[in-house]
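Student: I'm new to this one. Could you walk me through its rings and its nonpolar cores?

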Amino acid sequence: MLHQKITLLGLAALFCAGLLLGQEQPKSSYAPVVSNEKFSVLMARMVAEKPTVMKRQLDLLQDRYDLRNDPSPTVTMTRGKPIQQGIRVKLTPGTSWAQLAAMTPEEIRDGDLFPQGFLPLPHPNQPEGGMVFPHFETEEVKKQEGRDLTRFDLDFDLPDQFLPEFPPAIFLTTRPDLGDVSQGKLVTSDNFFEMFNGILNPKQIEGLRLLVTPFPQQQFNDTDDRRSERPSRGVSCFDCHANGHTNGATHLSGDTRPQENRHRIDTPSLRGLYIQRLFGSQRALKSVEDFTEFEQRGAYFDGDPVLATEKGVNILEHGSQVQFMAEFEELLDFPPAPKLDLFGKLDPAKASAEELRGQTVFFGKGQCVSCHEPPYYTDNSMHNLQAERFFKTKLVNGLIADADGPIKTFPLRGIKDSPPYLHDGRLLTLEDTVEYFNLILEVKLDADEKSDLVAFLRTL
């Protein structure tokens, strides 16, 4: 009888905990704090699942995009990497861009004709999420610091040709006379002092030190709730914002629940923070200091302070650390744009006829200037494009493709150095981006106007 009572009590406990086979757990804003799976078992399971996970994502990319390597023969990023040219988003068979532009949003939605590459892009493994780094970043960090940013459960998904050049150039507002101060190197804790001693003041050097120092993060930490094979020192700010720019690393926004509603984040550039007034694609934080502190306390841990405490959150001191980090971040300048005048518009003596026509489209029929005002081509505001009026809500590789909501207007200065485009990196080229906004804004540009507009954007 006693044994029977104990068994019944055990079953009742399992039932209450929702652990009986087939019991569906209610959605929660909180992740479990204690894993019920040994790390060795979890790692073996995820390593075995990785080929299926990556095939699912790569099949999606192949279905959405033309991924061939087709660089421009004439246009490069600041340090010489050719930019990819042409429209890469695939159309629904039987449609053309001109046909789509002539249709109403309702006709496109009801006919399921919205290009799949214009839908929100899921994380390489949306149900799992977390920071994922391009292979060239992981290889260089491991070479310099012996720190491994490789995840055993998944890889970065977008091909190298659609990512920013590596390592990126660095321009400082305080020393424009020096030009690119990167020396062609990735700035890390291994070399930052020798590179910047004599260029920055001591406070700025300390800020840079903190920006290249790794701290615990959700997937890279010392606990058994990690996605690195060995315990990890963590990640640094500049692991994503390489050289104060971007390497295209991706993550999921920590602002939303449940997991299938979380937006993929394409790492934005830190260039030109000194003229920006909103930070975070949707959080609209009001200062670089707020953003810097939030990243360490919250975004590193998917916005979950309980997990942050468990893994070793790095609490920055506002006066002597956050401000020093922000001071260096606000020194990062846009790359030179030799064809622009003091007001951020084209100098007719330096620009081509195509570029000048593109500028006319930008400030006129294209309505681009409504959000992207010169000289830095941002209005420091947020806008809701309401792209959801063109498609029906659907599940895509674990992501619910639905409304994006208001998104920050990012500066367009230096835009050719920052592919892929839009907040989640769903647009691989500037041509894709022009087609997207031509459709979303319903401005009905013709083929020549779109080509001219791309030429103008490349001058910024």
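What follows is a chat about aromatic pairs, charges over rings and nonpolar cores.

Tutor: Before we start, this is a predicted model, where local features need pLDDT of at least 70, side-chain atom pairs count only at pLDDT 80 or more, and totals for chains, interfaces and linings use all residues. Residues are numbered from 1 along each chain as its sequence is written, and side-chain values use heavy atoms, with hydrogens and water left out.

Student: How many aromatic pairs are there?

Tutor: Rings of Phe, Tyr and Trp (its six-membered ring) pair if their centres lie within 6.5 Å; planes under 30 degrees apart are stacked, over 60 edge-to-face, and the rest tilted. By that rule the count is 21.

Student: What kind of pair do Trp97 and Phe118 form?

Tutor: Their centres are 5.5 Å apart, with 40° between the planes. Planes under 30 degrees apart would be stacked and over 60 edge-to-face, so this pair is tilted.

Student: And where does Phe391 sit, in the pair it forms with Phe114?

Tutor: That pair is stacked, at 5.5 Å centre to centre and 20° between the planes. Helices (H or I, at least four residues) and strands (E, at least two) are DSSP runs, numbered from the N terminus. Phe114 is in the loop between helix 4 and helix 5, 277 residues from its partner, and Phe391 is in the loop between strand 5 (382-383) and strand 6 (394-396).

Student: Why does Phe114 count as buried or exposed?

Tutor: Buried means under 20% relative accessible area, exposed over 50%, and partly exposed in between (1.4 Å probe, protein chains only). Phe114 has 2% relative accessibility, so the label is buried.

Student: Which residue lies over the face of Phe39?

Tutor: A charge sits over a ring if NZ of Lys or CZ of Arg is within 6 Å of the ring centre and within 35 degrees of the ring normal. Lys345 does this over Phe363, at 4.6 Å from the ring centre. Over Phe39, at 4.0 Å from the ring centre, lies Arg226.

Student: Which helix gives the largest share of the largest nonpolar core?

Tutor: A nonpolar core is a set of buried Ala, Val, Leu, Ile, Met, Phe, Trp, Tyr and Cys residues joined through side-chain atoms within 4.5 Å. The largest has 52 residues, and Phe114, Phe118, Phe362, Leu453 and Leu457 touch the most other members. Elements giving two or more residues include helix 12 (353-363) and helix 14 (447-459). The largest share, five residues, comes from helix 13.
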